[in-house]
Amino acid sequence: MTTKQLTQAYGVMLQGLVSLDDNLRQGVLVYIESLMLEQGIKREKYLSLDDLNGHYPYVCMGSYMPIDFFNVDSPCSMAACNDQSFKPISLKLCTVIQNEHKPVHRWHTVGTFRCDDIVGAIDALLETLSNDGFFKQCVTCNTIRPAGYLGHDQVCNCCSDELLGVA
């Protein structure tokens, strides 16, 4: 993952557009912060657990079972992961399409993952958040928004309304 992609994914998370469940939140936070440090990306704000618990998310990731990020190879977690068809981690994305004057939201499953493939699940999360087809930056306010909320001029609805004088 490039520095630009990781920076965009980080920005989406800081804006509260992501919700991770209690089984994943802390481990994902530590993993992503370590990637930021590893790549030497400077930032003004660090992720918090609250940033990964968005109230109106466009990306959700959860697990049916607790994931032990630090002892993935332990016998307990390996027993649950031995079944090839058991994929407790799910990653879902809400896409937005403008239908006349009203946005239409659709949830899609990006992927399901085994508990011993938590790194693959986090990588899929980061790739989804850094995909310009799903999230783009408004050229006016520099806020990262779901792509469906930006017009053809790459200006978000909020800025368009302000420019048009809509209250």
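In the predicted model, buried residues make up 42% of the 167 residues in the protein chain. The chain has five helices and six strands. Along the sequence, these elements follow the pattern α-β-α-β-α-β-β-α-β-β-α. Contacts across the sequence are weighted towards long separations. Of the contacts with a separation of 6 or more, 64% are between residues 24 or more positions apart.

Four of the strands form an open sheet. The strand order is 1-2-3-4, and the pairing is mixed. Strand 1 (18-20) and strand 4 are the edge strands, and each pairs on one side only. From one strand to the next, the twist averages 15 degrees. Strands of a sheet pair through backbone hydrogen bonds, in either a parallel or an antiparallel sense. Both senses occur here, as the mixed pairing indicates.

The parallel pair is strand 1 with strand 2, joined over three bridges. Within this pair, Val-18 stands opposite Val-59 of strand 2. Strand 2 (residues 59-63) also pairs with strand 3 (residues 89-99). These two strands run antiparallel and share five bridges. Here the bridge partner of Val-59 is Leu-93 in strand 3. Val-59 is thus linked to Val-18 and to Leu-93. Strand 2 is largely enclosed by the rest of the structure, because four of its five residues are buried.

Strand 3 continues the sheet to strand 4 (residues 102-113). Eleven bridges join this antiparallel pair. Leu-93 has His-108 as its bridge partner in strand 4. A path across the sheet can therefore be followed by residue: Val-18 stands opposite Val-59, Val-59 is bridged to Leu-93, and Leu-93 is bridged to His-108. Strand 3 and strand 4 form a hairpin with two residues between the strands. In this hairpin, Glu-100 takes a positive phi near 60 degrees.

Helix 4 packs on this sheet. The helix lies across strand 1, strand 2, strand 3 and strand 4. Its direction is at about 15 degrees to strand 3. Thr-128 belongs to helix 4 (residues 118-129). With a relative accessibility of 5%, Thr-128 falls under the 20% cut-off and so counts as buried. Beyond its neighbours within four places in sequence, Thr-128 is in contact with Val-59, Leu-91, Leu-93, Val-110, Phe-134 and Phe-135. Two of these contacts, Val-59 and Leu-93, are bridge partners.

A second buried position lies outside the helices and strands. Leu-24 is in the loop between strand 1 and helix 2 (25-38). Its relative accessible area is 0%, so Leu-24 is buried. Leaving aside neighbours within four places in sequence, Leu-24 is in contact with Met-61, Gly-62, Ser-63, Ile-67, Phe-69, Ile-89 and Ile-118. The pair Leu-24 and Gly-62 shows how the fold joins distant parts of the sequence. These residues are 38 residues apart in sequence but 6.6 Å apart in space, C-alpha to C-alpha.

Two further loop residues have a positive phi without being glycine. Asn-142 is in the loop between strand 5 (135-137) and strand 6 (144-146), and its phi is near 65 degrees. Gln-154 also has a phi near 65 degrees. Gln-154 is in the loop between strand 6 and helix 5. At 26% relative accessibility, Gln-154 counts as partly exposed.

The largest pocket has a volume of about 220 Å³. Its lining comprises 14 residues. The closest to the pocket centre are Gln-98, Tyr-149, Gly-151, Asn-157 and Ser-160. By class, the lining divides into four nonpolar, seven polar and three charged residues. Helix 5 (residues 157-164) gives the most to this lining, with three residues.

How values were computed
Residues are numbered from 1 along each chain as its sequence is written. This is a predicted model: local features need pLDDT of at least 70, side-chain atom pairs count only at pLDDT 80 or more; totals for chains, interfaces and linings use all residues. Side-chain values use heavy atoms; hydrogens and water are left out. Buried means under 20% relative accessible area, exposed over 50%, partly exposed in between (1.4 Å probe, protein chains only). Contact means heavy atoms within 4.5 Å. On a 1 Å grid over the protein atoms alone, a cavity is a set of points where a 1.4 Å probe fits but cannot get out, and a pocket is an open set with protein on both sides within 12 Å along at least five of seven lines; lining residues have an atom within 4 Å of a point. Grid points are joined across faces, edges and corners, and a volume is the space filled by probe spheres set on the points. Ala, Val, Leu, Ile, Met, Phe, Trp, Tyr, Cys and Pro count as nonpolar, Asp, Glu, Lys and Arg as charged, and the others, Gly among them, as polar. Two strands pair if DSSP finds at least two bridges between them. Axes are lines fitted to C-alpha atoms, for helices over the stretch in contact, and angles run from 0 to 180 degrees between N-to-C directions.
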